[in-house]
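Hi,

Here is the structure I said I would pass on. Have a look at it first, and my notes follow underneath.

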Amino acid sequence: MGVIARYREHLPVGPSTPEVDLNEGSTPLVPSRNIGRALGLKHLYFKYEGLNPTGSFKDRGMVVAVAKALEAGSKVLMCASTGNTSASMAAYAARMGVRAIVVVPSGEIALNKLSQALMYGAKVVTLRGNFDSALETVRDLANRYPVALMNSINPNRIEGQKTAAFEVVDALGDAPDYLLLPVGNAGNITAYWKGFREYQSAGKATRLPRMIGAQAEGAAPIVSGHAIPNPTTVASAIRIGNPASWEGATTARDDSGGMIAAVSDTEILSAQIRLASSEGLFAEPASAAPLALLFRLVRDGKIEKDATAVVVLTGSGLKDPDAALKNVEPPIELDGDARTLAKVLKL
Ligand code: AN7
């Protein structure tokens with residue numbers, strides 16, 4: 001059962017909203033086995049969003065946005081994307097039999113995200129420039145032509161994405177002390193904060209978490225307080241210099257008593273490897289940014305040892321193997337029998 005069916009009463013859907021469902025959501029909140037212990041944190045969890053049907057959290061918001069677009073009679077869906085939004089939109093468009101057009105910055109998105117959009121049958125346009133200029137172009141086009149804009153400036157995306165906060169509270173019995181997540185276009189931090197507040201108002205949570213956002217150093221507009229014209233980072237998902245939901249992010253940060261800080265690409269990649277090799281959880285580089293930030297906050301004594309902390313792993317590591325492979329030892333190539341193999345492996 002997908003997020004619309006499970007959280008209907010909290011979503012802007014009614015009897016005339018078409019049924020759209022790919023079994024998104026219901027992702028596990030995995031307790032840390034090794035990293036928490038190493039950091040001295042007793043209650044560390046990972047919200048493993050890579051297990052959504054297209055491999056990222058984007059499916060939660062997309063299912064609601066697509067349902068509402070169909071309800072309004074849209075026949076063509078369109079978005080600009082650093083990859084995951086386009087993969088998700090293309091999948092739901094394919095399922096519902098409507099046209100999908102995705103615009104991605106050329107040479108800037110992970111190959112497997114591009115292959116998803118193509119396989120789901122979207123029309124893919126690669127535009128010279130970065131994500132921010134692609135989004136500007138798509139917004140402009142959607143103002144003049146009959147296409148439904150599916151980026152997270154579409155409020156139905158935020159509505160669907162807030163269900164992740166509901167699931168965290170449903171799993172823990174209350175809100176955690178800290179919710180850590182990557183910040184790119186800033187839709188997700190806006191959505192989580194909305195979800196936590198709504199669940200508290202509904203009496204399902206007694207408190208609110210501090211919202212901790214992580215940006216990459218070369219793409220940290222919110223941290224630096226101004227747009228970045230040419231953002232750079234290995235974490236292509238969050239290579240964004242002028243976030244559409246900037247205000248939503250600063251509101252979440254300030255009203256929750258949280259923070260948004262930047263981590264380096266080196267910290268991101270080492271957090272990514274540590275997560276995979278010590279927890280068995282393979283997440284894409286952007287998803288490792290909040291874990292890198294957690295390492296720093298614990299080192300600086302900014303997180304109490306008995307706090308409950310949830311790190312949102314927004315996308316699967318399988319999305320971007322190229323980024324990951326740069327940082328591990330290559331496989332051993334060998335021509336030999338069991339005895340030579342055993343010798344090389346020091347068995
Ligand atoms: C894995 O797909 O912006 O702060 O176009 O793919 O809500 O933008 C992706 C963003 C974090 C940042 N982690 O979330 C897109 C896109 C992953 C992501 C983010 C993205 P927002």
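Helix H4 (residues 84–96) lies across two strands, E3 (76–80) and E4, and its direction is at about 170° to that of E4. Bear in mind as you read that this is a predicted model.

E3 and E4 belong to an open sheet of four strands, which goes E5-E4-E3-E6 with parallel pairing. Strand E5 (123–127) and strand E6 (148–149) are at the edges with a single partner strand each, so one side of each has no neighbour in the sheet. If you want to trace the link between E4 (residues 99–105) and E5, look for five bridges, with the two strands running parallel. A handy place to start is Val104, whose bridge partner in E5 is Thr126.

There's another open sheet to look at, this one with six strands in the order E1-E2-E10-E7-E8-E9 and mixed pairing. Its edge strands are E1 (29–31) and E9 (259–263), each of which pairs on one side only. From one strand to the next, the twist averages 25°. Inside this sheet, E2 (residues 43–48) and E10 (residues 308–313) are paired in the parallel sense, over six bridges. Lys47 is a good marker here: its bridge partner in E10 is Val312. Helix H13 (residues 285–299) packs on the sheet and touches E2, E7 (178–182), E8 (210–216), E9 and E10. The direction of H13 makes about 100° with that of E9.

On to a pair of helices. The axes of H9 (residues 187–201) and H11 (residues 246–256) come within 8 Å and cross at roughly 45°, which makes H9 oblique to H11. The crossing is left-handed. Which residues make the contact? From H9 they are Ile189, Thr190 and Trp193, and from H11 they are Gly248, Ala249, Thr251, Ala252, Asp255 and Ser256. Sorted by class, that contact has four nonpolar, four polar and one charged residues.

Last one: is helix H8 (residues 163–172) mostly covered or mostly uncovered? Mostly covered, with seven of its ten residues buried. Those buried residues are Thr163, Ala164, Ala165, Phe166, Glu167, Val168 and Val169, so you'll find Glu167 listed among them. Right after H8 comes Gly173, which has a positive phi, near 90°.

Shout if anything is unclear.

Cheers

Key:
Residues are numbered from 1 along each chain as its sequence is written. This is a predicted model: local features need pLDDT of at least 70, side-chain atom pairs count only at pLDDT 80 or more; totals for chains, interfaces and linings use all residues. Side-chain values use heavy atoms; hydrogens and water are left out. Axes are lines fitted to C-alpha atoms, for helices over the stretch in contact, and angles run from 0 to 180 degrees between N-to-C directions. Angles under 35 degrees count as roughly parallel, over 145 as roughly antiparallel, 65 to 115 as roughly perpendicular and the rest as oblique. A crossing is left-handed if the near helix is turned anticlockwise from the far one by less than a right angle, and right-handed if clockwise. Contact means heavy atoms within 4.5 Å. Ala, Val, Leu, Ile, Met, Phe, Trp, Tyr, Cys and Pro count as nonpolar, Asp, Glu, Lys and Arg as charged, and the others, Gly among them, as polar. Two strands pair if DSSP finds at least two bridges between them. Buried means under 20% relative accessible area, exposed over 50%, partly exposed in between (1.4 Å probe, protein chains only).
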